[in-house]
Amino acid sequence: MISQFLVNGIITGSIYALIGLGFALIYNTTHIFHIAYAGVYVVGSYAYYFFYRVLHLPVFLSLLLGIIFSVIVNLIIEFLIYRPAYKRKSSPMISLISSIGCYICIVNLIALLFGNEVKIIYSGIQPSYNFGSIIVTQIQVIQLVSFIFLLISYLLFMKKTSFGKLIMAFSNNPELLSSVGVNIFNLRIIIFIISGVFAGIASCLVATDIGMDPWGGMSLLLVGMVSLIVGGVGKFNTAALGGFLIGIIQSLVVWKTSAKWQDCITFLILIIFLLFKPEGILGTKRRFEEI
Amino acid sequence: MNYVLHILVMILIYGILTLSLNLLVGYGGLLSLSQAAFYGIGAYASTLLIIKGVNFFPSLIFSIFLTSILSFFIAYPSLRLKGDYFVLATLGFQIIVFSILYNWVSLTKGPYGIPGIPGPKIFNFELSTPFHYFIFSGIFFLIVFLFFKKLYNSPYGRVLKSIREDEIAASSLGKDIPLIKIWAFAISCGVCAISGSLYATYVTYIDPTSFTLDESIFIASIVILGGSGNLKGPLIGVAFMIILPEFLRFLGLPDTIAPNVRQIIYGLLLIILMKYKPSGIIGEYNLQ
């Protein structure tokens, strides 16, 4: 019984990890608290829905278009809001509030276009596989496999390529990086593209599994943020660990009590971490003033 | 006429709410996204007593005390966390409170809500018409307004302002910063309970969906929009944000899309304000 819950936890955790990684990439480098990321997430699944169910395009093309739409929206937010704010040297709180405004706009625009109700992509029962006593559905396997593939390629990108190294340097000291002749704005574009891809993929995977509604992004983003805090702020891969941990804890909560206390426990963990271990499990220890 | 009175009552209730948040945002420099949680706790605390037969006023006082004590749960994080981290902690608190209100069915009736809340009784006179409520909440609003006016001109208000500008300088002058902040939260959340209790008895029905994260964001955006740091700004924000949807109704938007259009306007306003006037319409304080 427990192994089934562990597997479920790891699979939902992989989605949290994806969102956490995308959010962390932006937060660690630009220090923007990117709440509109929830909107970016929602755009992906609705674009997928639109191309696949309304225009009847092939499934892979629709998936690709869904991801591309997420990326485009993420870039639009960067160009219209964050970049001007950065040039005006406004405080992080200003970016946060405009990000909230942006989130409200995107989500309500989608609700206007597609309606407030839940949309599903596949109805009916999905095929499932038995591994001993563990049962997993096809889409769960796809979720896990695509997450592992993405995580490995992301880590390789960050460690091996020159772009990855530049992004690491950006998170350490943007001023120094621009003084050695690197164009920070181009780097920011790459950062927003990568995080848009993460949101798009996560969104399409979840939409295939359980469907979508315009407000689904926020709750997922909040759990992604918890994953980031639990894993540790300041590094690029720790959010994955945090995501898995939160996923497993949530599914153990379901096992021991009931599904309704999931949110409560998750955010209790967040507050405990914020108060007693704000650097997270693997994060770098920082001085009090920097937090 | 009842329609106008209804809007005025809502403005007064939200006015109390935003004045309470103004103490934290405009004077403490602390953007809290858990105001709806305290609004909800206040509403539920007094409702649960009122339906047991307790009079409105003892229930109100109980709910004020309860929310003031519970405010410690976000006051304590504010002593240790800054900026984004504090906002995240208040977000977490908001979701925990919503989840408790929603799921503790034996106490709060959860998603079914509590219907039929009786109106406040003053010496056998029960408030029933919108006009009664307008006078009643008007009196409360005036008390809260004068209280904050007095508070902001008191030594306490000035110390709070100095903490907002420079915490280290204030502490070097021997001010007990943790205590001052904890009091700010207790006062702010206690005032929230007043508007929660008024709302519950006015609408006569409450359920957890009135106290969600979106509501917290809405309250915060009223304060940011009107401008924080003085008493006028939040009130202009309230008048604007409550009357705007009514204007949209007169424009003849269908009911199915009106809420979404309204939200989009709020969102756009936030973005535009942050770009051109981060202190709000007539605010004195720029969020740092």
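Colleague: What covers the buried residues of α3(B)?

Modeller: Residues are numbered from 1 along each chain as its sequence is written, and chains are lettered from A and ligands numbered from 1 in the order in which they are written. This is a predicted model, in which local features need pLDDT of at least 70 and side-chain atom pairs count only at pLDDT 80 or more, while totals for chains, interfaces and linings use all residues. Helices (H or I, at least four residues) and strands (E, at least two) are DSSP runs, numbered from the N terminus, and contact means that C-beta atoms, placed from the backbone, lie within 7 Å. The cover of those buried residues includes, in chain B, α2 (35-50), α4, β1 (121-122) and α10 (177-203).

Colleague: How many degrees of arc around the axis do the buried residues of α3(B) cover?

Modeller: A residue is buried if 20 or more other C-beta atoms, placed from the backbone, lie within 10 Å of its own, exposed if 12 or fewer, and partly exposed in between. In α3(B) the buried ones are Phe56(B), Ser59(B), Leu60(B), Ser63(B), Ile64(B), Thr67(B), Ser68(B) and Leu70(B). They lie on the same side of the helix because their arc, taken from the directions from the helix axis to the C-beta atoms, is only 165°.

Colleague: Which exposed residues does the opposite face of α3(B) carry?

Modeller: An α-helix has 3.6 residues a turn, so residues three or four places apart point the same way. The face of α3(B) turned away from the buried side carries the exposed Pro58(B) and Ile69(B).

Colleague: Which helix gives the most to the side of chain B that touches chain A?

Modeller: Here 35 residues of chain B are in contact with 34 residues of chain A. At least two residues each come from α4 (72-80), α5 (83-103), α11 (213-226) and α13 (258-276) of chain B. With 14 residues, the helix that gives the most is α5(B).

Colleague: In which loop is Lys89(A) found?

Modeller: Most residues other than glycine have a negative phi. Lys89(A) is not a glycine, yet its phi is positive, about 55°. Lys89(A) counts as exposed, with 7 C-beta neighbours inside 10 Å. Its place in chain A is the loop between α3 (59-87) and α4 (92-114).

Colleague: Is Thr204(B) buried or partly exposed?

Modeller: Thr204(B), not a glycine either, has a positive phi of about 65°. Thr204(B) sits in the loop between α10 and α11 of chain B. Because 14 other C-beta atoms lie within 10 Å, Thr204(B) is partly exposed.

How values were computed:
Two residues are in contact if their C-beta atoms, placed from the backbone, lie within 7 Å.
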